[in-house]
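User: Hey, can you walk me through this one? I'm new to reading structures.
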Amino acid sequence: MEGQHYGFDSAQLAVYNPGHVNVVNDKNMSLMFYVHDVLAEYDRLKQAIPGIGITSPPERRPWGAYSFWFLDPDGNTVSFIEKKELEG
């Protein structure tokens with residue numbers, strides 16, 4: 001399997017091709033990661049992955065979260081949410 005691994009604080013995201021394994025086409029899943037600095041991660045991803053499918057740029061959400069959203073290669077939503085004090 002070929003793929004990429006991206007590190008974010010104490011978490012890691014692996015994006016890979018599952019090969020001959022059938023995957024569902026339903027997009028009823030979302031991954032959410034807390035990060036120290038949403039703008040820094042946004043800039044880092046845009047530079048590291050040209051053409052990344054940003055679905056919502058960094059902004060303050062009505063419920064108070066400061067986040068941005070993008071699509072993984074399978075079309076699943078991934079959210080990065082700013083949390084200044086991460087628990088270790």
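User: Let's start with Phe70: buried or exposed?
Analyst: Keep in mind that this is a predicted model. Phe70 has a relative accessible area of 5%, and under 20% counts as buried, so Phe70 is buried.

User: Cool. Which residue stands opposite Phe70 in β6?
Analyst: That's Val78. Strands β5 (residues 66-71) and β6 (residues 77-82) pair in the antiparallel sense, over five bridges.

User: And what's the strand order in the sheet?
Analyst: The order is β3-β6-β5-β4, in an open sheet of four strands with mixed pairing. β3 and β4 stand at the edges with a single partner strand each, so one side of each has no neighbour in the sheet.

User: What does helix α1 touch?
Analyst: α1 (residues 38-48) packs on the sheet and touches β3, β4, β5 and β6.

User: Which residues of α1 are buried?
Analyst: Val38, Glu41, Tyr42 and Leu45. Looking down the axis of α1, they fall within an arc of 105 degrees, so they line one face of the helix.

User: Switching to rings: how many aromatic pairs are there?
Analyst: The count is five. In one of them, Phe33 and Phe80 have ring centres 5.6 Å apart and planes at 75 degrees, so that pair is edge-to-face. Phe33 is in β3 and Phe80 in β6, so the pair ties together parts 47 residues apart in sequence.

User: What about Phe70 and Phe80, how are their rings placed?
Analyst: Their centres are 5.6 Å apart and their planes at 80 degrees, so this pair is edge-to-face.

User: Which residues do the ring pairs link into a cluster?
Analyst: Phe33, Tyr42, Phe68, Phe70 and Phe80.

Technical notes:
Residues are numbered from 1 along each chain as its sequence is written. This is a predicted model: local features need pLDDT of at least 70, side-chain atom pairs count only at pLDDT 80 or more; totals for chains, interfaces and linings use all residues. Side-chain values use heavy atoms; hydrogens and water are left out. Two strands pair if DSSP finds at least two bridges between them. Helices (H or I, at least four residues) and strands (E, at least two) are DSSP runs, numbered from the N terminus. Contact means heavy atoms within 4.5 Å. Axes are lines fitted to C-alpha atoms, for helices over the stretch in contact, and angles run from 0 to 180 degrees between N-to-C directions. Buried means under 20% relative accessible area, exposed over 50%, partly exposed in between (1.4 Å probe, protein chains only). The arc is that of the directions from the helix axis to the C-beta atoms. Rings of Phe, Tyr and Trp (its six-membered ring) pair if their centres lie within 6.5 Å; planes under 30 degrees apart count as stacked, over 60 as edge-to-face and the rest as tilted.
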